[in-house]
Amino acid sequence: MSAENLAGKWTRKCGRTLLHSLTCLVFLFLDFLDALLCVVFKLVDEFFEGEARTPCYCGNDGENKQMESETLSDSLCMRRNVLRKMGFLGFARKWKICRKKKDDGDGGVNGSLMMNRWSDCGCNSCVSWTKKGHAHKLHVVVTHLPLVRTEAAENVIFLHGFLSSSSFWTETVISDLSEFCKGHYRLFAVDLLGFGRSPKPNDSMYTLLDHVEMINKSVVSPFQLNSFHLVAHSMGCIIALALAAKYPNLVKSVTLVAPPYFPSAKDGARTSLMALNKLAGKTLWPPLAFGKSVMSWYEHVGRCFCFLFCRNHRTWEMILKLFTLRRELRFTEVDLTRHTHHSAWHNMHNTICGGATMTDEHLETLSKSRSVKVSIIHGDQDMEVPLECSNNMKMKFPELVQLNIVPNADHISVIFHRARDFAKNLEHIWASSQNPSI
């Protein structure tokens with residue numbers, strides 16, 4: 001080996017060691033910061049609310065809460081940090097018990113769960129779910145039929161991904177569908193529970209069951225759908241498969257774009273933690289990955305971020321308009337802050353990580369029905385949800401799954417930069433479900 005190659009190898013090894021050491025130091029600091037913020041939020045919550053309405057998952061309260069419900073993900077309480085293991089938060093829990101004894105009889109916790117939290121946004125859209133008489137249904141954008149009777153129409157339900165909304169579909173793909181499709185299909189673009197203009201209740205754990213029930217309550221039942229197609233992106237894919245497994249005789253086709261998939265292990269906790277590490281592993285680079293890991297691993301640091309940005313989303317939107325000299329912002333910029341910390345945190349863990357433990361079961365149900373094909377579209381440059389997720393699903397369910405790999409496309413550009421081609425692909429999938437020979 002030449003001296004030049006040896007020097008290059010040594011430099012790369014030193015660089016990796018330095019990066020690893022820096023990563024350990026940064027996340028050790030975040031462990032400390034999250035533990036400190038846990039104490040701060042406990043004290044402030046009890047000051048404003050009298051009693052912590054939704055206990056965090058740092059100590060016994062969170063573990064007891066998880067044990068009471070089998071639908072909560074193991075990733076909520078198993079993402080430990082060093083300071084919690086050392087009992088750093090013990091005195092805060094004792095203080096809380098003392099305050100509880102003084103505050104008992106002030107109205108109870110259940111009633112206060114229907115109130116907006118002090119750290120959440122108080123605009124009309126964000127607090128509409130707390131108003132008496134408010135119909136707890138999802139916000140749904142429906143494209144009605146101008147040409148064909150509703151009873152004869154095909155129905156399509158579009159589900160967006162994490163930190164997004166129905167605009168993900170209405171502003172891109174739906175507008176590029178053919179006139180024939182717009183005239184013969186009834187299209188439902190849904191704001192999932194906890195995002196966009198849909199309710200963001202504090203008493204919801206945002207599990208797969210919650211999502212499926214809300215879609216049934218907001219779309220399937222009120223519009224009396226006797227058959228429908230499903231199109232979903234990212235997190236929405238997990239919900240789409242759960243919905244399809246609930247109604248295997250009603251679903252005509254399932255199209256998944258960049259689905260997070262992890263083959264179920266015998267130990268469900270291992271699957272949920274595998275999903276958390278794969279999708280939001282602790283890393284410093286690239287910056288977006290670092291931000292995602294911080295928001296997914298550190299409950300209180302994430303809540304602090306949401307307090308600064310999500311609670312003040314109208315102010316930040318106004319500032320962004322002033323700096324960009326635009327009257328209207330792109331929906332991708334607006335959707336990033338249209339949630340609460342409670343909804344985003346539990347969607348990440350209970351829907352994405354917890355849902356990973358149930359995906360195989362849902363695919364097995366669809367495989368037995370033999371009437372539904374699952375079409376996957378995945379970009380080969382996707383850094384958010386690795387291509388291996390779709391490859392693994394195809395390998396495990398070869399007869400059920402059809403995989404289309406899009407070259408030079410990432411998690412978003414697989415749709416945004418080729419919306420017209422994507423729309424044509426969808427129309428072909430829907431037509432194929434009517435005539436399998438196509």
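## A buried arginine, two cores and a pair of crossing helices

With a relative accessibility of 3%, Arg79 counts as buried, and in this predicted model the residue is found in the loop between α3 (75-78) and α4 (82-85). Arg79 is separated from Asn277 by 198 residues in sequence, while the C-alpha atoms of the two lie 10.0 Å apart in space.

The chain as a whole comprises 438 residues, of which 51% count as buried, and its secondary structure comes to 21 helices and 7 strands. Among the contacts with a separation of 6 or more, 77% are accounted for by residues 24 or more positions apart. The accessible surface of the chain is about 21700 Å², and carbon and sulfur atoms contribute 58% of that area.

In soluble globular proteins, nonpolar side chains tend to be buried together. The largest nonpolar core of this chain holds 64 residues, and the members that touch the most other members are Ile157, Leu159, Phe228, Leu230, Val254 and Leu256. Helix α11 (residues 235-246) supplies the largest share of this core, with 9 residues. When residues up to four places away in sequence are not counted, Val254 touches Leu230, Leu241, Ala244, Val372, Lys373, Val374 and Ser375. Another core, of 24 residues, lies apart from the largest one, and its members include Trp169, Ile377, Ile415 and Phe422.

Helix α13 takes part in two helix packings, which are set side by side below.

| Helix pair | Angle | Axis separation | Residues of the contact |
|---|---|---|---|
| α13 (residues 287-297) and α17 (residues 341-353) | about 90 degrees | 9 Å | 4 nonpolar, 2 polar, no charged |
| α13 and α14 (residues 299-308) | about 110 degrees | 5 Å | 6 nonpolar, 1 polar, 1 charged |

Because an angle of 65 to 115 degrees counts as roughly perpendicular, α13 and α17 are roughly perpendicular to each other, and the angle between α13 and α14 likewise makes that pair roughly perpendicular. On the α17 side, the contact is made by Met295, Ser296 and Trp297 of α13 together with Trp345, Met348 and His349 of α17. On the α14 side, Val294, Met295 and Trp297 in α13 meet Glu299, Val301, Gly302, Phe305 and Cys306 in α14. Met295 and Trp297 thus appear in both sets of contact residues.

Some details of the backbone also deserve a remark. Most residues other than glycine have a negative phi, and most peptide bonds are trans. The peptide bond from Trp285 to Pro286, however, is cis, with omega near 0 degrees, and Pro286 lies in the loop between α12 (268-280) and α13.

Two residues other than glycine carry a positive phi: Gln224, at about 50 degrees, and Leu325, near 55 degrees. Gln224 lies in the loop between α10 (208-220) and β4 (228-233), where its relative accessibility of 68% means that Gln224 counts as exposed. Leu325 is found in the loop between α15 (313-324) and α16 (331-335), and with a relative accessible area of 76% Leu325 is exposed as well, since the cut-off for exposed is over 50%.

Notes. Residues are numbered from 1 along each chain as its sequence is written. This is a predicted model: local features need pLDDT of at least 70, side-chain atom pairs count only at pLDDT 80 or more; totals for chains, interfaces and linings use all residues. Side-chain values use heavy atoms; hydrogens and water are left out. Buried means under 20% relative accessible area, exposed over 50%, partly exposed in between (1.4 Å probe, protein chains only). Contact means heavy atoms within 4.5 Å. Accessible areas come from the Shrake-Rupley method with a 1.4 Å probe; for residues, only the protein chains shown count as cover. A nonpolar core is a set of buried Ala, Val, Leu, Ile, Met, Phe, Trp, Tyr and Cys residues joined through side-chain atoms within 4.5 Å. Axes are lines fitted to C-alpha atoms, for helices over the stretch in contact, and angles run from 0 to 180 degrees between N-to-C directions. Angles under 35 degrees count as roughly parallel, over 145 as roughly antiparallel, 65 to 115 as roughly perpendicular and the rest as oblique. Ala, Val, Leu, Ile, Met, Phe, Trp, Tyr, Cys and Pro count as nonpolar, Asp, Glu, Lys and Arg as charged, and the others, Gly among them, as polar.
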